[in-house]
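Could you walk me through this model, stop by stop, while I have it open in my viewer? I would like to know what to select next and what is there.

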Amino acid sequence: MIKIGIAGFGKIGRLRAQKILEKDYGKVVAVYDIKKPLNLSNDIKFCHSFEELLSQDIDVIFICTFVDSLAEYTKKALLSGKHVFCEKPPARTSKELQEVIKIEHKTKMILKYGFNHRYHYSIMEAKKIIDSKTMGKLLWMKGTYGKAGSIDYHKNWRNYKNKSGGGILIDQGIHMLDLMRYLSGEEFEKINSFVTNAYWDIEVEDNAFAIMKTYSNTIAMLHSSATHWKHKFLLEMYFEEGYINLDGILSGTRSYAPETLIVGRREFEDITFAMGKPKESVTWFENDDSWEIEIREFFDAIKNKRKIENGTSDDALQTLLLIEKIYNNSGFYNE
């Protein structure tokens, strides 16, 4: 039985514990948080510090804390001989993350980062279609990830740079950038960007706009926004033979639902019928098993000594480097 500790037992920490329990991947034996959680099971030890958590008889640590402590906790956990599942963003800066990766390579422990969106059914189906090559070369893609905001949005810890590393881009846009890298299979080398604070009285950005290009001339456009006034997820991809649109994504609140996969095939040879109105297939997804599938891969890697395929430290580093390029090219934090 794999023995598990969780650092940060808020919403995400509790969700991780729930998924572990549902599929019997192991036993949560200890948790650490700033305050003792209400209704904590009597068979789970509450630790008053991260060091106390590390001292427990555990094999694995899930790190679900504020971003300012993710890199430091991950390093300590790896050095203490624990396998680590760490939430995104992986660190506040690429420099912090590179220090983690050095220790990962030295200790050879399993390290996985929580890029949960890769495990949604619509994303996995889109990946299968792309890998089949039936759509031809990817020409361009456009992603919008928008938040409605809230009356107290400006008070959220994510909007304090020392805690989070940045604003809406590193908090939510990181998912869209990871998907763009994952689905295109390329890295974006040339970047033009505008990062702004359009509305909220916060020290970080509430909007990020970027146009990016790979060496093979695939163009990607990104808009990550906290002034969208409704929750919105949309990733459009256009190929030589048609297009794939990922419209909506399931979440606990269902506020980004419905989750759909729209596939259209190029049909302009007969201008009397299909010009501008190609036939589309639409698949609706009603279940979100992404959280369970994600940690299944993690525990499978531990038990069977396999390499992590999604959410690797390199995935995390390349996506974080891309975020830093968007920040740096905009000059937002240098103004």
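Here is a tour that goes from the cores to the helices, and then to single residues and backbone details. Keep in mind that this is a predicted model.

**Stop 1: the cores**

Start by selecting Met 180, Met 212, Met 237 and Ile 244. These are the residues with the most contacts inside the largest nonpolar core, which has 72 residues. Now add helix H7, residues 168-184: H7 gives the most to this core, with nine residues. In soluble globular proteins, nonpolar side chains tend to be buried together.

Stay with Met 212 for a moment and show what surrounds it. Leaving out residues up to four places away in sequence, Met 212 touches Leu 177, Met 180, Phe 188, Lys 190 and Ile 191, along with Thr 218, Ile 219, Ala 220 and Leu 222, and also Leu 322 and Ile 326.

Another core, of 23 residues, lies apart from the largest one. To find this other core, select Val 28, Phe 62, Phe 85 and Ala 301, which are among its residues.

**Stop 2: helices H1 and H8**

Next, colour helix H1, residues 11-23. How far apart are the end C-alpha atoms of H1? They are 19 Å apart, in agreement with the 18 Å that 13 residues should span at 1.5 Å a residue. The buried residues of H1 are Gly 13, Leu 15, Arg 16, Ala 17, Lys 19 and Ile 20. Their packing partners are strand S1 (3-7), S2, strand S4 (60-63), S5, strand S6 (111-114) and helix H8 (290-304).

That last partner is worth selecting next. With 15 residues at 1.5 Å each, H8 should span 21 Å, and the end C-alpha atoms of H8 are 21 Å apart, which agrees. The buried residues of H8 include Ile 293, Ile 295, Phe 298, Phe 299, Ala 301 and Ile 302, as well as Glu 292, Glu 294 and Glu 297. On the other side of the contact, the buried residues of H8 pack against S1, H1, S4, S5, S6 and H5.

**Stop 3: the H3 and H4 pair**

Two packed helices are described by the angle between their axes and the distance between the axes. Select H3 (residues 67-79) and H4 (residues 94-107): they pack at an angle of about 10°, with their axes 9 Å apart. H3 and H4 are therefore roughly parallel to each other, as angles under 35 degrees count as roughly parallel.

Show side chains where the two helices meet. From H3, pick Ala 71, Thr 74, Lys 75, Leu 78 and Leu 79; from H4, pick Glu 96, Glu 99, Val 100, Ile 103, Glu 104 and Thr 107. By class, this contact has five nonpolar, two polar and four charged residues.

**Stop 4: two strand residues**

Go to Val 195, in strand S8 (residues 188-196). Is Val 195 buried or exposed? Val 195 is buried, with a relative accessible area of 6%. Beyond residues up to four places away in sequence, Val 195 touches Glu 205, Asn 207, Ala 208, Ile 326, Tyr 327, Ser 330 and Phe 332.

Then jump to Trp 284, in strand S14 (residues 280-285). Trp 284 is exposed, with a relative accessible area of 53%. Aside from neighbours within four places in sequence, Trp 284 is in contact with Pro 258, Glu 259 and Thr 260. Draw a C-alpha to C-alpha distance to Ile 262 as well: Trp 284 and Ile 262 are 22 residues apart in sequence and 8.9 Å apart in space.

**Stop 5: backbone details**

Most residues other than glycine have a negative phi, and most peptide bonds are trans. Here are some places to look for the other kind.

- Pro 258, a contact of Trp 284, follows a cis peptide bond from Ala 257, with omega near 0°. Pro 258 is in the loop between strands S12 and S13.
- The bond from Lys 88 to Pro 89 is also cis, with omega near -15°. Pro 89 is in the loop between S5 and H4.
- Asp 24, just after H1, has a positive phi of about 55°. Asp 24 is exposed, at 52% relative accessible area.
- Lys 133, in the loop between H5 and S7, has a positive phi near 70°. Lys 133 is exposed, at 65%.
- Lys 305 follows H8 and has a positive phi near 55°.

Notes
Residues numbered from 1 in each chain as written. Predicted model: local features only at pLDDT ≥ 70, side-chain atom pairs only at ≥ 80, totals over all residues. Heavy atoms only, no water. Axes fitted to C-alpha atoms, helices over the stretch in contact; angles between N-to-C directions. Helix = DSSP H or I, 4+ residues; strand = E, 2+ residues; numbered from the N terminus. Parallel < 35°, antiparallel > 145°, perpendicular 65-115°, else oblique. Contact = heavy atoms within 4.5 Å. Nonpolar A, V, L, I, M, F, W, Y, C, P; charged D, E, K, R; others polar. Buried < 20%, exposed > 50% of the residue type's maximum accessible area, 1.4 Å probe, protein only. Core = buried A, V, L, I, M, F, W, Y, C linked by side-chain atoms within 4.5 Å. Expected span 1.5 Å × (residues − 1).
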